[in-house]
Amino acid sequence: MTWLPFICLGIGSLIGFSKWVDKIIKLVDPIINVGLVVLMLTLGAKIGSNDSLIHSLGLLGFRCLFTAATAIAFSVLFTVLLEKTVLSLGSVQSQLACENIAVTQEVNIEEEEKKPTSPLVWIIPVCIILGIVIGYLVPLFKKSFMLDHTLTISLVILYIGVGISFGMHKNILQYVRILGFKIILIPTTIIIGSLVGGFVSGILLGMPTYITVSAAGGMSYYSITGAYLTQKFGIEVGAYGFLVNVSREFLTVLFLPLLIKVSKGSPIASGAAGNMDTMLVPVTKFVGVELGLVALITGTILTFLVPFMLPLLVNLGNLM
């Protein structure tokens, strides 16, 4: 099972890079959305079928918010240090403006803003709540192995979907070459900051650090993080990992006006992997369309790396 993310990501990337991806592109999003709905229902059912978890949701919520805030804080701190020493995002923005390169070449921000809100915004929480109710009321789910199988199937779908998305963003690699490979230092600092934040929160909360570090390592990719940690450690840890990364997106949106006053890279650091999709439009509105491209590059790299990192972090935690 350790090799599952790598195999599925490889398959997805090959599909994304292939010439015939255009023929199936219309099917990719619906299939991924179905996988996401099944995953949310499964996670909800696993939460609902666990009586001790149900009774400790309040404490869990506080711990998740704290871990998310700590991961954001250290990601921002290391990104600010990077901006002040090695990579000035002000200079990068000027370079992109001179070369007339912006995120609008990859994503039309104005069109994205005009689009109606994705139904997933309300479908995901509804599925979680519905799953919790079903898991709590239906005794079958307390002993059934069916949830484990649906969890694995939904993970396979999402892993392949991540690979396809990465392959379809092949132009990102061209922009990296234009900007110079120093731009990769931004996702690197976000990774380091997130992991350090997870470690610090584990110490302060009195929780096992391998759990808090793994959860913070999801960097706002809540679906895969929650599902993978559930698969490896059980629903208590999986729910924690899921909620930590949901909280990171929530806190990012909430504090964007403050983050942009800290530095140009701070909103990007906070959005992390979410900059590839849900966080891209709000972050771009604050950092500008040129640095919106940097946010997209960062989000794409982190989204692709999270499924690789989680098995490594879990295996490292097992050795500790």
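**Exercise 1. State what follows helix 15 and where the buried residues of helix 15 lie around its axis.**

Solution. Glycine 288, with a positive phi near 100°, follows helix 15. Helices here are DSSP runs (H or I, at least four residues), numbered from the N terminus. The model is predicted: local features need pLDDT of at least 70 and side-chain atom pairs count only at pLDDT 80 or more, while totals for chains, interfaces and linings use all residues. Residues are numbered from 1 along each chain as its sequence is written, and side-chain values use heavy atoms, with hydrogens and water left out.

Step 1. Within helix 15 (residues 280-287), the buried residues (under 20% relative accessible area, 1.4 Å probe, protein chains only) include Leu280, Val281, Val283, Thr284 and Val287.

Step 2. These residues cover an arc of only 165° around the axis, which puts them on the same side of helix 15. The arc is that of the directions from the helix axis to the C-beta atoms.

**Exercise 2. Describe how helix 4 packs against helix 13.**

Solution. Step 1. The axes of helix 4 (residues 57-85) and helix 13 (residues 235-262) cross at roughly 45° and come within 8 Å. Axes are lines fitted to C-alpha atoms, for helices over the stretch in contact, and angles run from 0 to 180 degrees between N-to-C directions.

Step 2. Helix 4 is therefore oblique to helix 13; angles under 35 degrees count as roughly parallel, over 145 as roughly antiparallel, 65 to 115 as roughly perpendicular and the rest as oblique.

Step 3. The crossing of helix 4 with helix 13 is right-handed, that is, the near helix is turned clockwise from the far one by less than a right angle.

Step 4. Among the contact residues (heavy atoms within 4.5 Å) are Leu60, Arg63 and Ile72 of helix 4 and Tyr240, Val244 and Arg248 of helix 13. The contact holds 16 nonpolar, four polar and two charged residues. Ala, Val, Leu, Ile, Met, Phe, Trp, Tyr, Cys and Pro count as nonpolar, Asp, Glu, Lys and Arg as charged, and the others, Gly among them, as polar.

**Exercise 3. Describe how helix 11 packs against helix 13.**

Solution. Step 1. Helix 11 (residues 209-216) packs on helix 13 at an angle of about 45°, the axes being 8 Å apart. The two helices are therefore oblique to each other.

Step 2. Helix 11 passes helix 13 in a right-handed crossing.

Step 3. Ile211, Thr212, Ala215 and Ala216 of helix 11 meet residues of helix 13 including Val237, Gly241 and Asn245. Six nonpolar, three polar and one charged residue make up this contact.

Note on methods
Buried means under 20% relative accessible area, exposed over 50%, partly exposed in between (1.4 Å probe, protein chains only).
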